[in-house]
Amino acid sequence: MTFRQRHLALPVAVAIIAGCLAPLAVLVAFSFYEVEEFDLVPAFSFRAWGELAVSATDWFLIGKAVLSGLTTTVFTVVLGYPVALALTRLSASAKGLAVIVLLTPLYTGEIVRIYAWRIVLGGEGLVNTVLQGLGLIDEPMKVLLFSPFTIGLVLTYNNLPFMVLAIWVSAEMVDRRLIEAARDLGARPVDAFFRVILPLTVPGLAAGSLTVFALSAGEMLTPSLLGGTSGSTAMALVDNLFGTAFDWPLASALALALLATLFLVASAMAGLMLRLKGARAVIGRA
Amino acid sequence: MVVESRMEKRTEPALSPLLLAMRGIVKTFGRSRAVDGIDLDVPERAFLTLLGPSGCGKTTVLRMIAGFERPDAGEIRLDNTPLADVPPERRPVNTVFQSYALFPHLTVHDNVAFSLKLRGGVSDIGVRVRRALDAVHMADFGDRYPHQLSGGQQQRVAVARSIIAEPRLLLLDEPLSALDRKMRGHLQIELKALQRRLGIAFVYVTHDQEEAFALSDIVVVMNKGRIAQKADPETIYSRPADSFVADFIGNSTLVEGRIQARHGDRATIETALGTITAPAAEGLAVGDAAMLVIRPELLSMRGEGSATFTGSVGHSVFQGERSMVGAEVGGLALRFPAEAPLSVGTSVALWLDADRSFITRIAA
């Protein structure tokens, strides 16, 4: 066997098989096990899958994960795209500073950020105090904390840097002369955006969207610590089934169903975006 | 006959056929003056070339006409309309960029159709794209993407894309500089033919004097943000306005001297190589420092009477059809063409065709 460039991928392939496919196989196996008197018994049982199939709660939570992933993706695209474009206009040193500012929240750790949000959004928190002080509201706004609004806000905040970075890298690669060429050929700035900049940043949009979707659909801590009664997630349920409830077969089945659903949605997103013209310019070149 | 000529006169356009007029244009980037007060007229249907070394401001002039840069001072008028507040997309001017700037995500067809699609309401886009691609011999490439084309093909597509909307003026920013010599020669001929056929005025930027001479009706030589000379190619070549122009075009040897006598359009200049009488630039007076421009083809190894210069061969470069020889004469290297290579050190006698040489001003 001669050494070729593609053999460089071998270590990664081994890591993927050992670290990802093997555990999945274990999950598949567990999903057919039986639990008898707090003991896992290898049996070829469809009990877990049967329970999952008819559980409205489980499917509601899976759907909620998809919806949470999609809405977070949309919010981060809408908020992040202008930021990413603005970054391309900065001087080299300002870009360095901007990236530090962008990434700093990620270094603080999730739990710290979550408690920071509690302080900001709480009944006697920063936002309510300021609004009351200005006389804009009489009572503290309850919707700020422990609500679906909170989950959406914090998931968007947490994931924005990933979206901005992905789009920014893509936008930096757009040759500025192409924008001048578009203007020269009769495009107003808005036409140049939709016909040149947006199509050519599709690869960045795709990378950012898939990342943000994966991160936010599977998020558990933020909803459970900031979402209050609306904070239940499929992930938390899996955690619960593996832990306190000790129903590993059902936990495995639910985890696999969630994984398969998210994978399908992400594949659909990728497929859609790669069909767009801009993706060809970068990916279709081979 | 009299009647006929009067009728002919009447068909002349009442207005001057001036297309573009730039007056007192200044553009500064930071501390450097890229364009330092230039006046430039482009007549209808002209092929005008801005020629100069890199950094002379020629591309900045082009970008101001296109609308990508705003002059700090001065006025640009197109068809007698001030362009100051007209954004690039509303100027009847299109550009062929140095890098071609084809849209990588669009096919050749969609690249060429870009401006017509933006306009909306154009029903014959397909026909016009076809015609534009035909004009540049690229009709069979409509379905390709830019990255599937060679440099020369991309250049043709860029030209097709910029002429399809029938601009009043086409700007070309060193469009051939990225191509090899042979392709450059082909495309020069095609561009010139296309310009004649379309009747659109071209403003062409290049640093290659051969290209400028081959293509242009008017050559504008620029130096440090100013216009050094504006004339037809023959005049630029044979009567360079100053030593910068003389040095920039061709392989001339410049010999510094002082004007000794002036008679009409001729003058006598005293140089280290001797005293020579030749046509001289206007305004040069007795006592002025000036420069004698000796173009290679004005030196010959044969002649009547006594030789103008004698020296020895310093170097000899074989160039195929001839050799370019540098002769050491009085500490200067005089370049001249020889039919065969000469060995270094050979003594040579040279005759100068002084009537076709030129005495010019020393550039500031």
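In the predicted model, B:Arg266 has B:Pro279 of strand E13(B) as its bridge partner. This pair belongs to the antiparallel association of strand E12 (residues 266–271) of chain B with E13(B), which are joined by 6 bridges. The two strands are part of an open sheet of 5 strands in chain B, with the order E13-E12-E11-E14-E20 and antiparallel pairing. Strand E13 (274–279) and strand E20 (358–360) of chain B occupy the edges of this sheet; each has a single partner strand, so one side of each has no neighbour in the sheet. On average, and with direction ignored, neighbouring strands of the sheet are turned by 45° against each other.

A further open sheet in chain B consists of 4 strands in the order E2-E1-E4-E5, and here the pairing is antiparallel. Its edges are formed by strand E2 (32–43) and strand E5 (81–82) of chain B, each of which pairs on one side only. Strand E1 (residues 18–29) of chain B is paired with E2(B) through 9 bridges in the antiparallel sense. Within E2(B), the residue standing opposite B:Leu20 is B:Val42.

With respect to domain organisation, the assignment for chain B comprises domain 1 (19–92 + 167–238), domain 2 (104–157) and domain 3 (243–360). A distance of 25 Å separates the C-alpha centres of domain 1 of chain B and domain 2 of chain B. Contact between these two domains involves 7 residues of domain 1 of chain B and 4 residues of domain 2 of chain B. On the side of domain 1 of chain B that touches domain 2 of chain B, the residues divide into 7 nonpolar, no polar and no charged.

Helix packing was examined in chain A. The axes of helix H1 (residues 10–31) of chain A and helix H13 (residues 248–275) of chain A come within 7 Å and cross at roughly 130°. An angle from 65 to 115 degrees would count as roughly perpendicular and one over 145 as roughly antiparallel; H1(A) is therefore oblique to H13(A). The crossing of these two helices, H1(A) and H13(A), is left-handed. From H1(A), the residues A:Leu27, A:Val28, A:Phe30 and A:Ser31 take part, meeting A:Trp248, A:Pro249, A:Ser252, A:Ala253, A:Ala255 and A:Leu256 of H13(A). The contact of H1(A) with H13(A) comprises 8 nonpolar, 2 polar and no charged residues.

Helix H8 (residues 176–184) of chain A packs against helix H9 (residues 189–200) of chain A at an angle of about 135°, and their axes are 10 Å apart. H8(A) and H9(A) are therefore also oblique to each other, and their crossing is right-handed. The contact is made by A:Leu178, A:Ile179, A:Ala182 and A:Arg183 on H8(A), together with A:Asp191, A:Ala192, A:Arg195, A:Val196 and A:Ile197 on H9(A). The residues of the contact of H8(A) with H9(A) divide into 6 nonpolar, no polar and 3 charged.

The contact between the chains draws 20 residues from chain A and 20 residues from chain B. On the side of chain A that touches chain B, at least two residues each are supplied by H8, H9 and helix H14 (277–283) of chain A. H8(A) gives the most to this side, with 6 residues. The residues of the side of chain A that touches chain B divide into 8 nonpolar, 2 polar and 10 charged.

Conventions:
Residues numbered from 1 in each chain as written. Chains lettered and ligands numbered in written order. Predicted model: local features only at pLDDT ≥ 70, side-chain atom pairs only at ≥ 80, totals over all residues. Axes fitted to C-alpha atoms, helices over the stretch in contact; angles between N-to-C directions. Parallel < 35°, antiparallel > 145°, perpendicular 65-115°, else oblique. Left-handed = near helix turned anticlockwise from the far one by under 90°. Nonpolar A, V, L, I, M, F, W, Y, C, P; charged D, E, K, R; others polar. Domains from an automatic or database assignment. Pairing = 2+ DSSP bridges.
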